[in-house]
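Please look over the sequence and the model below before reading on. The paragraphs after it are meant to be read with the structure open.

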Amino acid sequence: MNWIWAFSAFGVVSAIGVISSAKTAPIDPPKPATAKKTAAKVSYANGVAALLNDKCVSCHRPGEVAPFSLIGYENAKKWAPMVAAVTHSKRMPPWKAVEGFGEFEDENRLSATQIQMLKTWVDAGAPRGDKKLEPAAPTFPATEWSLGTPDILLAPTKPFKLEADGEDVYRNFVVKNTSDKPIYIRGTDVKPGNRKVVHHVIIYLDGMNQAQRYLDRVKDGQEGYSAPGGGVGLLPTGSLGGWAPGVAGRLLPEGTAFVVPPKSNYIVQVHYHKTGKPETDLTRVGLYTTETPPTREMNLNWIFNFMVNIPAGEKQHKMRQTFTYQKDVTIYGAMPHMHLVGKDMKSWFELPDGTKKSLVFVDDWDFNWQLVYRLKEPMAIPAGTKQIVEATYDNSTNNPRNPNNPPKRVTWGEETTDEMFLLITYYTFKDASTPRPRSIIGQLR
Ligand code: HEC
């Protein structure tokens, strides 16, 4: 299937984008009878290079999201002990969806055999093996845009200046859209300018020029505006998805597209986290368009539960939200979103006939890896189906990611140290003539 995905949940732009294209020959697990013999022969040339090329170098290469390259023997050897350690602990490759609960494009995980192979190789001193047998490193597009040069670029004209200290900043960069025809968006790719400070990016639509009243009041001389209390300060009329660590540029499934109505302005919201030093950032969003109207318009269903209120010290705080679809829809994927005390999030469907269908289950939530999980096969869901979202939070000292020590009560909010309950589902209506929901929140009630 040929999809692009705009939004890896708010992550690693082109990094994940490449994973799917970097698929090389799978590594054959050694057959039991010859396991010993095969294991003894593991070398960079025999097995390890192919595995790293397939599973790691989409991110671990120059200019990409990972801090070092794993291309070529020298790099692989230098990092060998850590490679064994992080694959054993399943920290790498970063893929958080539980196996067997939903099937996804871009799934990137290692089998037990592959993890063992890396350990065997490292234990043997990370040998190179026969250089002539080394597979060639995979090739990547020369442009920084993994989907090619964007048709529309959304970006401020000057870098945004961020102060050293203080609260998080939500800056909303408004890009005017003068087109009097609808624009069909097949895909989105986000390039955060300064990854030290960009926490996530969301692209909203403002169909009624509501942002103007904020722009008129900006006093700091910079582009965009910050609304009181964070966020965009208005009810967006739509969204094109966004970026968070882990998200890759992707095209939507064939025949689907986001539709930007005539003269609907874009708002690129960048959530900044300060570093203690003054910083600058110029985040860019690339849009990929098509002239052909989609057979189905892509929509996003934002399932929130705003009642987040987690007592200090609570280890297993559970929350739940249910959404009922009023029409027949097709589901394409989902992006869970929580902050730092979130532990797991699970979503599934309960059909009117009682059948249950898995969507996604992230059991080891990591704020740094917020992915869009794109279903391998789109899923048809009849009207009357309930979508259930459940989450668990650990607000105790057991949670190494807890921002408060000692723990404090945590409630809903936009700051990273506040908490959220949100799952965004990608869907289309079966009946293509169904009018688009008027706002992302409006879809919920
Ligand atoms: C989606 C992108 C991505 C993929 C795929 C990926 N990595 Fe990483 N890796 C990162 C990023 C980003 C970091 C630095 C941040 C972090 O440690 O989480 C990292 C860090 C690491 C580290 C350093 C860990 C540390 O504690 O500092 C090692 C070792 C590593 N990766 C190995 C691998 C191996 C081996 C694979 C393949 C089996 C792999 N990575 C696949 C993005 C990726």
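What follows goes from the ligand and its iron atom to the helices around them, and then to some single residues elsewhere in the chain.

This is a predicted model, in which local features need pLDDT of at least 70 and side-chain atom pairs count only at pLDDT 80 or more, whereas totals for chains, interfaces and linings use all residues. Residues are numbered from 1 along each chain as its sequence is written, and side-chain values use heavy atoms, with hydrogens and water left out.

The ligand is a convenient place to begin. It is surrounded by 21 residues, of which the closest are Cys56, Cys59, His60, Arg91 and Met92; a residue is near the ligand if one of its heavy atoms lies within 4 Å of it. Sorted by class, this shell holds 16 nonpolar, 3 polar and 2 charged residues, where Ala, Val, Leu, Ile, Met, Phe, Trp, Tyr, Cys and Pro count as nonpolar, Asp, Glu, Lys and Arg as charged, and the others, Gly among them, as polar. The element that gives the most to the shell is helix 5, with 4 residues; helices (H or I, at least four residues) and strands (E, at least two) are DSSP runs, numbered from the N terminus.

Which residues coordinate the iron atom of the ligand? His60, through NE2, and Met92, through SD, do so at 2.0 to 2.3 Å, donors being N, O and S atoms within 2.8 Å of the metal (3.2 Å for Na, K and Ca), with the caution that water is not among the atoms and sites may look incomplete. Because His60 lies in the loop between helix 3 and helix 4 and Met92 in the loop between helix 5 and helix 6, the pair ties together parts that are 32 residues apart in sequence. Around the iron atom, 6 donor atoms subtend angles of 85 to 179°, and the arrangement is therefore octahedral, a term that asks of six donors that opposite ones be over 155 degrees apart and all others between 65 and 115.

The two coordinating residues can also be described by their accessibility. His60 is buried, with a relative accessible area of 10%, while Met92 is partly exposed, at 23%; buried means under 20% relative accessible area, exposed over 50%, and partly exposed in between, for a 1.4 Å probe and protein chains only. A polar side-chain atom of His60 lies 2.7 Å from a nitrogen atom of the ligand, and an N or O atom in the side chain of Arg91 is 2.6 Å from an oxygen atom of the ligand, both being polar contacts (pairs of N or O atoms within 3.5 Å; within protein, one must be able to donate a hydrogen and the other to accept it, and residues adjacent in sequence count only if both atoms are side-chain atoms). After Met92 the peptide bond to Pro93 is cis, with omega near -10°, and Pro93 is found in the loop between helix 5 and helix 6.

Turning to the helices, 7 of the 8 residues of helix 3 (residues 48-55) are buried, so this helix is largely enclosed by the rest of the structure. Its buried residues, among them Val48, Leu51 and Asp54, pack against helix 4 (73-78), helix 5 (80-88) and helix 6 (112-123). Within helix 5 is Thr87, which counts as buried because its relative accessibility is 4%. The side chain of Thr87 reaches the backbone oxygen of Val83 at 2.7 Å, and, leaving aside neighbours within four places in sequence, Thr87 is in contact (heavy atoms within 4.5 Å) with Met92, Leu110, Ile115 and Leu118.

The loop between helix 5 and helix 6 also holds Asp106, whose phi is near 65°, a positive value in a residue other than glycine. Asp106 counts as buried, at 8% relative accessibility. Asn209, likewise not a glycine, has a positive phi of about 50°, but is partly exposed, with a relative accessible area of 38%, in the loop between strand 5 (198-206) and helix 7 (212-215).

Further along the chain, Ser347 belongs to strand 17 (residues 342-350) and counts as buried, at 0% relative accessibility. Its side chain makes a polar contact of 3.1 Å with that of Gln387, and a polar atom of the Ser347 side chain lies 3.0 Å from the backbone oxygen of Ile388.

Terms used
Four donors count as tetrahedral if all angles lie between 85 and 135 degrees; four count as square planar and six as octahedral if opposite donors are over 155 degrees apart and all others between 65 and 115; anything else is irregular.
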